[in-house]
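Could you walk me through how the ligand sits in this model, and how the nonpolar residues are grouped? A short report would be ideal.

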Amino acid sequence: MRLVLVGPPGAGKGTQAEFIAEHFGIPKISTGDIFRANVSGGTDLGRLAKKYMDAGDLVPDEVTNAMVRDRLAQPDAVDGFLLDGFPRNVGQANELQGILDELGAPLSVVLDLEVDFEEVVKRLSGRRTCKKCGHVWHLEYDAPSAAGICDRCGGELYQRDDDLPDTVRHRLDVYAAQTAPLIDFYRNVGQLVSIDALGAVEDVTERAIAELTPFAD
Ligand code: AP5
Ligand code: MG
Ligand code: ZN
C-alpha cells in the first residue's frame, strides 16, 4: 500500500501513522520526524530546516522534495509506504506524482483525518514526545504512567519548540492556506478517504484500518 496521511497539525497523523504502518507492514515516513532528527543531529539540513520549523513555516519545496525522493528510493519503500506530513502543498503533490510515475508505483489512497480547530489546539498544547523512540504522548489524553518518562522505552519526554501557542496559530494558518487545498486536489482525482479523527486513539485507528483495508494488496 502506498498511503498518504493528511490533516491539520495535531490531527493525530503521527499517532495513527505508527499503528497503521505497523498493521500493514509498511515503513512510516514522516518528513517532520526526519527534519527533527536532522536538527538534533546538527546536520546542515537540520540547521536550515530549524529556521522554518521554529517559525511554523514550511521548509522550502526543493529541500523537502529532494529529501523525500531519496527516502522513497530506499529498498524498504519499494513495496509500499506511509507518508506522514508530505505532500503539504500542491507543488509537493505534483512532485510526488512525478516520483511515483518514474517508479511505476501509483498512490493507493490518501487518508484525511478530520478534527476541529479547538481540538487540535488542545492536542498540541498537551503533546509530549519521546526523545529516544519518538512515541507521541499527551498530558491529559494519553499520559505516560510516570511524568516525563516514556512508558515504551524509558526515554525522556520533551515539548516540541513549535508547539508554543503563537507558533501553533501560525502553523494552522499555513495549513489552511497551503495544505487544505490538497483535500480537494485528491478528492477530485478520486483518491481521498476522510475519517472522523475525534474520539479515542484506538477507535480512530480502527476506523482508519477499516477504510484502508480495501486498498491493501
Ligand atoms: P510535522 O511534524 O509534520 O507537524 P504537523 O503537520 O504540524 O503535525 P503534528 O506533528 O504537529 O501533528 P500530528 O497530526 O502528527 O499529531 P500527533 O499525532 O502528534 O511538521 C513540523 C514542521 O516540519 C512543519 O511546520 C514544517 O516546518 C516542517 N515540515 C514537515 N513536513 C514538511 C513538508 N512536507 N514540507 C515543508 N515543511 C515540512 O498528535 C498530537 C497530540 O494529540 C499528541 O499529544 C497525541 O498524543 C494527541 N492525540 C492524537 N490522537 C488523539 C486522539 N484521538 N485523542 C486525543 N488525543 C490525541
Ligand atoms: Mg506529527
Ligand atoms: Zn520512548
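Below is a short tour of the ligand shell and then of the nonpolar cores.

## About the model

This is a predicted model, in which local features need pLDDT of at least 70, side-chain atom pairs count only at pLDDT 80 or more, and totals for chains, interfaces and linings use all residues. Residues are numbered from 1 along each chain as its sequence is written, chains are lettered from A and ligands numbered from 1 in the order in which they are written, and side-chain values use heavy atoms, with hydrogens and water left out.

## Around ligand 1

Ligand 1 is surrounded by 34 residues (a heavy atom within 4 Å), and the closest are Thr15, Asp57, Arg88, Arg127 and Arg171. An N or O atom in the side chain of Arg171 is 2.5 Å from an oxygen atom of the ligand. Backbone N or O atoms take part too: one of Trp137 lies 2.7 Å from a ligand oxygen, and one of Gly199 lies 2.7 Å from a ligand nitrogen.

The protein covers 97% of the 1,000 Å² of accessible area that ligand 1 has on its own (Shrake-Rupley method, 1.4 Å probe). Helix H2 (31–41) is one of the elements giving two or more residues to the shell, and H2 gives the most, with 4 residues.

## Nonpolar cores

The largest nonpolar core (buried nonpolar residues, under 20% relative accessible area with a 1.4 Å probe and protein chains only, joined through side-chain atoms within 4.5 Å) has 25 residues. Leu3, Ile20, Phe24, Leu82, Leu111 and Leu212 touch the most other members. Apart from this core lies another, of 20 residues, among them Val4, Ile99, Leu182 and Leu192.

Key: A polar contact is a pair of N or O atoms within 3.5 Å; within protein, one must be able to donate a hydrogen and the other to accept it, and residues adjacent in sequence count only if both atoms are side-chain atoms. Buried means under 20% relative accessible area, exposed over 50%, partly exposed in between (1.4 Å probe, protein chains only).
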